[in-house]
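Let's walk through this protein together, from the whole chain down to one spot on its surface. Keep the picture open while you read.

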Amino acid sequence: QVQLVESGGDLVQPGGSLRLSCVASGTIVSIETMGWYRQAPGRQRELVTNIGRMGRANYADSVKGRFTISRDNAKNTVYLQMNSLNPEDTAVYYCNADVWTVGLRNYWGQGIQVTVSS
């Protein structure tokens, strides 16, 4: 069994910054792609960014230049640095990972709230 636990969500003013973390634990051999999704009220869950094991990252157009994803393979952790936040970034952010455990399986975190408001 594998668990993903997010942290770092908060209420922040427009223009502010936050750093999210997600730690994977359990029976892990290795982790392939790790990423962040978000879901705003009344909207579908969308991919924000993801990163491969060797560090190649992809970003949604809406966050390019403002968000940065990184990972620490030794700690089974992925980070999301979010700068220049605006109210449209308000959402529940979910961590996602493809994990080699008993085979390759996809896992989700429980989600964490990020609210951008003055």
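## The surface as a whole

Before any areas come up, here's the idea behind them: accessible area is worked out with the Shrake-Rupley method, using a 1.4 Å probe. What you have here is a predicted model. Its chain has an accessible surface of about 6300 Å², and carbon and sulfur atoms account for 47% of that.

What share of the 118 residues is buried? The figure is 42%.

## Strands and nothing but

Try counting helices and you'll end up at zero, while the strands number 11. Reading from the N terminus, the order of elements is β-β-β-β-β-β-β-β-β-β-β.

## Overall size

Picture a box of roughly 45 × 25 × 20 Å along the principal axes: that's what the C-alpha atoms fill. The radius of gyration is 14 Å, which agrees with the value near 13 Å for a compact globule, because the chain has 118 residues.

Now for contacts. Take those with a separation of 6 or more: 54% of them link residues 24 or more positions apart.

## A nonpolar patch

Which residues form a nonpolar patch on the surface? They are Val 29, Trp 100 and Leu 104, and together they offer about 310 Å² of accessible area.

Let's zoom in on Val 29. You'll find Val 29 in the loop that runs between strand E3 (18-26) and strand E4 (30-39). Is Val 29 buried or exposed? Val 29 counts as exposed because its relative accessibility is 65%, and the cut-off for exposed is over 50%.

Definitions and conventions
Residues numbered from 1 in each chain as written. Predicted model: local features only at pLDDT ≥ 70, side-chain atom pairs only at ≥ 80, totals over all residues. Heavy atoms only, no water. Patch = residues over 30% accessible without salt bridge, like charges linked within 9 Å, V, L, I, M, F, W, Y side chains within 5 Å. Salt bridge = Lys/Arg side-chain N within 4 Å of Asp/Glu carboxyl O. Helix = DSSP H or I, 4+ residues; strand = E, 2+ residues; numbered from the N terminus. Buried < 20%, exposed > 50% of the residue type's maximum accessible area, 1.4 Å probe, protein only. Rg over C-alpha atoms; globule rule 2.2 N^0.38 Å. Contact = heavy atoms within 4.5 Å.
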